[in-house]
Amino acid sequence: MTALPLPPFTVTAEDGPGTARLRLTGDLDYDTSGELARAAEECLAAGPRLADLHLDCAQLRLCDSMGVATLLLIHRGTTARGVRLHVESPPPFLTRILDVTGIGHLFALGAHGQESAQDRTDDGATPG
């Protein structure tokens, strides 16, 4: 039986006033992380008035350690520029990775009823 090839990794950029959105499709891994890093850097460089960068992860199938490192690289870039980084519609595997690695608090998580990192207090608790 011949294995069917997986669809390629794609990053689709959308711009709006003060915001940029990158839609991720496929596997974010060693071979594809550079593409995401370049797309994020282009968004950050092109928008001096950029306030929010959204990563739409709804169609993400996989994220390996290089993918996690790339998310952290993007976070450093957005933080240095005063831009909020949002991870939207993270699949359950990505939410688990962010939780297990302890880096989920770095990202404003969106969709699926998840709180944003900005909604938590310094100790990680949700304000009551």
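# Close-up views of a five-stranded sheet and its helices

**View 1. The sheet is open, with five strands in the order 1-2-3-4-5 and mixed pairing.** Strands count as paired here if DSSP finds at least two bridges between them. Strand 1 and strand 5 (108–110) form the edges, each pairing on one side only. From one strand to the next, the twist averages 20°; axes are lines fitted to C-alpha atoms, for helices over the stretch in contact, with angles running from 0 to 180 degrees between N-to-C directions. This is a predicted model, in which local features need pLDDT of at least 70 and side-chain atom pairs count only at pLDDT 80 or more, while totals for chains, interfaces and linings use all residues. Residues are numbered from 1 along each chain as its sequence is written, and side-chain values use heavy atoms, leaving out hydrogens and water.

**View 2. The protein holds three helices and five strands.** Along the sequence they follow the pattern β-β-α-β-α-β-α-β. These elements are DSSP runs numbered from the N terminus: helices are H or I with at least four residues, and strands are E with at least two.

**View 3. Strand 1 (residues 10–16) and strand 2 run antiparallel, joined by seven bridges.** Valine 11 has leucine 24 as its bridge partner in strand 2. Now look at the turn: two residues lie between the strands of this hairpin, and glycine 18 takes a positive phi near 75°.

**View 4. Strand 3 and strand 4 pair in the parallel sense, over five bridges.** Here leucine 55 stands opposite valine 87 in strand 4. Helix 3 lies across strand 3, strand 4 and strand 5, at about 110° to strand 3.

**View 5. Helix 1 and helix 2 have axes that come within 9 Å and cross at roughly 10°.** The two helices are therefore roughly parallel to each other, a term for angles under 35 degrees (over 145 is roughly antiparallel, 65 to 115 roughly perpendicular and the rest oblique). On the helix 1 side, Ser33, Leu36, Ala37, Ala40 and Leu44 meet residues of helix 2, including Met66, Leu71 and Ile74; contact means heavy atoms within 4.5 Å. The residues of this contact divide into eight nonpolar, five polar and no charged. Nonpolar covers Ala, Val, Leu, Ile, Met, Phe, Trp, Tyr, Cys and Pro, charged covers Asp, Glu, Lys and Arg, and the others, Gly among them, are polar. Helix 1 also lies across strand 1, strand 2 and strand 3, running at about 175° to strand 2.

**View 6. The largest nonpolar core has 28 residues.** Such a core is a set of buried Ala, Val, Leu, Ile, Met, Phe, Trp, Tyr and Cys residues joined through side-chain atoms within 4.5 Å. Leu22, Leu24, Leu36, Leu53, Leu60, Leu94 and Phe107 touch the most other members. At least two residues each come from strand 2 (19–28), helix 1 (33–46), strand 3 (52–63), helix 2 (65–80), strand 4 (84–88) and helix 3 (92–101).

**View 7. Aspartate 29 sits in the loop between strand 2 and helix 1.** Aspartate 29 is buried, with a relative accessible area of 17%; buried means under 20%, exposed over 50% and partly exposed in between (1.4 Å probe, protein chains only). Leaving out residues up to four places away in sequence, aspartate 29 touches Leu62, Asp64 and Met66. Its C-alpha atom is 7.2 Å from that of serine 65, 36 residues apart along the chain.
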